[in-house]
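Colleague: Before I set anything up with these coordinates, could you take me through the model step by step and let me ask about its local features as we go?

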Amino acid sequence: MCARSLVSIYPEKVPFPVYCADCWWSDRWNPLAYGREYDFSKTFFQNYAELQNLVPRLALYVKNVHNAEFNNHSEQIKECYLTVDAISAENVYYSNLIDSCSDVADCMNVQRSQLCYENLQSRDNYNCIQTFLTDNCRDSAFLYDCKDCSDCFMSSNLRHKRYYIFNRPYTKEAYEEWRASFSLSSAAVYEAYYQQFLDLIHTRAIRKAQNITQCENCFGDFIEKSKNVHDSYSIVGSEDCRYCYINWYLKDCYDTTESAYDCELQYESHGCNRGKRTVAAHVSYDVDAVQYVDSCHNSSDLFGCISLRRSRYALLNKVYPEEEYRELRARIIQKMREDGEYGEFFPTALSPYPYNDTVAHAYYPLTREEAVSRGYAWSDSPERHYLPQTLTLPDQLESVSDGILNEILVCSECAKNYKIIEQELKLYRQLHLSLPRRCADCRYKRRLALCNPHRLWARQCSMCRAEIQAPYPPQATDLVYCESCYQQTL
Ligand SMILES: [Zn+2]
Ligand SMILES: [Zn+2]
Ligand SMILES: [Zn+2]
């Protein structure tokens with residue numbers, strides 16, 4: 001609409017127009033103008049596909065963002081950069097699955113934390129570097145499964161501790177003296193400790209078979225304060241759910257992914273914050289009684305709609321009187337049942353995203369051939385030539401001047417170019433941390449590889465040999481304890 005160049009989740013050659021957030025959220029266009037009559041000689045998905053080819057789409061799924069242009073799938077965010085799946089975030093960089101955090105970078109699946117770097121599946125931390133399954137900690141680094149600790153370093157399974165190094169207690173003076181003897185602002189020092197941290201996790205830390213805390217009758221992994229949640233992963237404050245992945249505060253949901261806050265009766269839905277009674281709804285916030293919708297907000301009673309805001313009783317983006325809407329909707333559902341279309345999510349053929357551009361590829365990687373044989377789109381990115389770096393990063397952060405912001409860097413792992421932005425430099429200086437040697441993508445992949453996968457394997461408890469199910473494959477040599485051995489040991 002405004003013709004400025006933008007970054008989008010859509011490839012360049014999509015049939016529909018793509019608007020920047022300012023234009024898309026404005027009243028300068030009317031999505032109802034694309035409304036269509038329903039054609040009963042065609043299937044529902046054929047009807048939907050025709051609408052899909054016309055309606056303008058939001059370049060990146062964002063709502064209520066302030067000075068945060070390059071983020072996706074986020075709302076209520078301010079001054080964030082390359083962050084995805086965030087809600088209530090400020091000064092958050094290169095992170096994903098973030099709820100109520102500020103001044104954090106390179107974090108994954110983190111809630112209510114400040115001034116943190118590389119926290120994974122952690123909550124309520126302050127000034128913590130490289131934590132994993134660690135909550136309520138402060139002024140610490142390299143912690144695995146620690147709760148309510150401060151001033152601890154390279155330790156695992158600690159509870160209510162202070163001044164611990166390598167799981168051993170020290171006096172305040174000894175801890176501080178040792179901690180002052182080196183700095184994580186040296187890249188070599190940081191990387192050496194990172195390798196020790198991996199060793200700690202995989203050889204010495206006790207890994208709980210399923211990380212389920214303050215729950216009743218739950219099964220899966222990384223579930224907190226929930227009741228009757230089954231076969232689900234990364235869930236907080238939820239009740240009566242099954243097959244749900246990465247959600248906060250759900251009730252009565254099934255097959256729901258990345259929905260948060262006050263969600264109820266969601267089925268086969270993705271990214272519907274504060275959504276109720278949704279079926280096959282995709283990234284639609286504050287909605288009620290919507291089915292087969294994409295990017296519709298603050299709306300209710302919609303069926304097969306795209307990009308609507310503050311609308312009601314609409315079908316294929318056309319508004320009807322309530323009675324007529326209900327009759328037509330019933331007829332369409334009946335037809336969908338006959339055609340075998342109703343009750344499942346949109347078919348992959350309707351996805352405008354190439355498989356290798358989606359988060360599905362990160363969790364379930366496929367080769368090009370595998371993806372194409374399953375009918376998924378694939379993006380063959382044109383061969384790119386990366387520039388040589390204009391500066392060799394010094395080992396110490398202190399040797400880096402503000403001039404770094406104009407330099408082109410080369411990732412030590414994949415050789416792609418990357419850069420340092422002003423806000424992240426400020427954060428590294430605040431945390432006394434070395435600058436990253438890898439590009440944001442490689443850092444993301446490294447975090448993802450460390451996080452528990454969304455599946456369980458049958459294996460034995462490393463202590464009592466009881467049969468358990470855990471997110472660690474049987475061949476993994478990690479110390480995996482059943483619930484009772486874990487509780488006894490800790
Ligand atoms: Zn625009
Ligand atoms: Zn890289
Ligand atoms: Zn056991």
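**Backbone, metal sites and a pocket**

Modeller: I would begin with Y163, a residue found in strand β12 (residues 162-165), and I should say at once that this is a predicted model.

Colleague: What is the phi of Y163, and is the residue buried or exposed?
Modeller: The phi of Y163 is near 60°, a positive value in a residue other than glycine. Most residues other than glycine have a negative phi. As buried means under 20% relative accessible area, the figure of 10% for Y163 makes this residue buried.

Colleague: Where does R277 lie, and how accessible is R277?
Modeller: R277 belongs to strand β22, which spans residues 276-282, and R277 has a positive phi of about 50° although it is not a glycine. The class between buried and exposed runs from 20% to 50%. With a relative accessibility of 46%, R277 therefore counts as partly exposed.

Colleague: Which protein atoms are the donors of the zinc ion (ligand 2), and what is the arrangement around it?
Modeller: The donors lie 2.3 Å from the zinc ion (ligand 2) and are the SG atoms of C411, C414, C439 and C442. Along the chain these donors follow the spacing C-x2-C-x24-C-x2-C. Four donors count as tetrahedral if all angles lie between 85 and 135 degrees. Because the 4 donor atoms here subtend angles of 107 to 116°, the arrangement around the zinc ion (ligand 2) is tetrahedral.

Colleague: Which loops hold C414 and C439, and which of these two residues is buried?
Modeller: For the zinc ion (ligand 2), with its donor spacing of C-x2-C-x24-C-x2-C, this pair links distant parts of the chain, 25 residues apart. C414 sits in the loop between β27 (409-410) and β28 (417-418), whereas C439 sits in the loop between α8 (422-431) and α9 (440-450). C414 has a relative accessible area of 31% and is partly exposed, while at 4% the buried residue is C439.

Colleague: What are the donors and the geometry at the zinc ion (ligand 3)?
Modeller: The zinc ion (ligand 3) has the SG atoms of C461, C464, C482 and C485 as its protein donors, lying 2.3 Å from it. In sequence the spacing of these donors is C-x2-C-x17-C-x2-C. The angles among the 4 donor atoms are 103 to 117°, and the site of the zinc ion (ligand 3) is tetrahedral.

Colleague: Where are C464 and C485 placed, and which of the two is partly exposed?
Modeller: Within the C-x2-C-x17-C-x2-C spacing of the zinc ion (ligand 3), this pair again links distant parts of the chain, with C464 in the loop between β29 (457-460) and β30 (467-470) and C485 in helix α10, 21 residues apart. C485, with a relative accessible area of 7%, is buried. At 41%, the partly exposed residue is C464.

Colleague: Which residues coordinate the zinc ion (ligand 1), and how are they spaced?
Modeller: The zinc ion (ligand 1) is coordinated at 2.3 Å by the SG atoms of C2, C20 and C23. Water is not among the atoms, so sites may look incomplete. The donor residues of the zinc ion (ligand 1) have the sequence spacing C-x17-C-x2-C.

Colleague: What parts of the chain do C2 and C20 link at the zinc ion (ligand 1), and which of these residues is buried?
Modeller: C2 and C20 are both among the residues that coordinate the zinc ion (ligand 1), and the pair, 18 residues apart, links the segment before β1, where C2 lies, to the loop between β1 and α1 (21-24), where C20 lies. C2 counts as partly exposed at 39% relative accessibility. At 6%, the buried residue is C20.

Colleague: How many residues line the second largest pocket, and which class has 12 of them?
Modeller: The second largest pocket holds about 450 Å³ of space and is lined by 23 residues, of which D135, K147, T213, Q214 and E224 lie nearest its centre. At least two lining residues each come from β15 (212-213), β16 (220-224) and α10 (483-489). By class the lining has 5 nonpolar and 6 polar residues, and the class with 12 is charged.

Colleague: How is the protein chain divided, and what separates the C-alpha centres of domain 2 and domain 3?
Modeller: The protein chain is divided into domain 1 (62-207), domain 2 (212-349), domain 3 (397-450) and domain 4 (457-489). Between the C-alpha centres of domain 2 and domain 3 the distance is 38 Å.

Key:
Residues numbered from 1 in each chain as written. Chains lettered and ligands numbered in written order. Predicted model: local features only at pLDDT ≥ 70, side-chain atom pairs only at ≥ 80, totals over all residues. Heavy atoms only, no water. Donors = N, O, S within 2.8 Å, 3.2 Å for Na, K, Ca; no water. Tetrahedral: all angles 85-135°; square planar, octahedral: opposite > 155°, others 65-115°. Helix = DSSP H or I, 4+ residues; strand = E, 2+ residues; numbered from the N terminus. Buried < 20%, exposed > 50% of the residue type's maximum accessible area, 1.4 Å probe, protein only. 1 Å grid on protein atoms, 1.4 Å probe; cavity = no way out; pocket = protein on both sides within 12 Å on 5 of 7 lines; lining within 4 Å. Points joined across faces, edges and corners; volume = space filled by probe spheres on them. Nonpolar A, V, L, I, M, F, W, Y, C, P; charged D, E, K, R; others polar. Domains from an automatic or database assignment.
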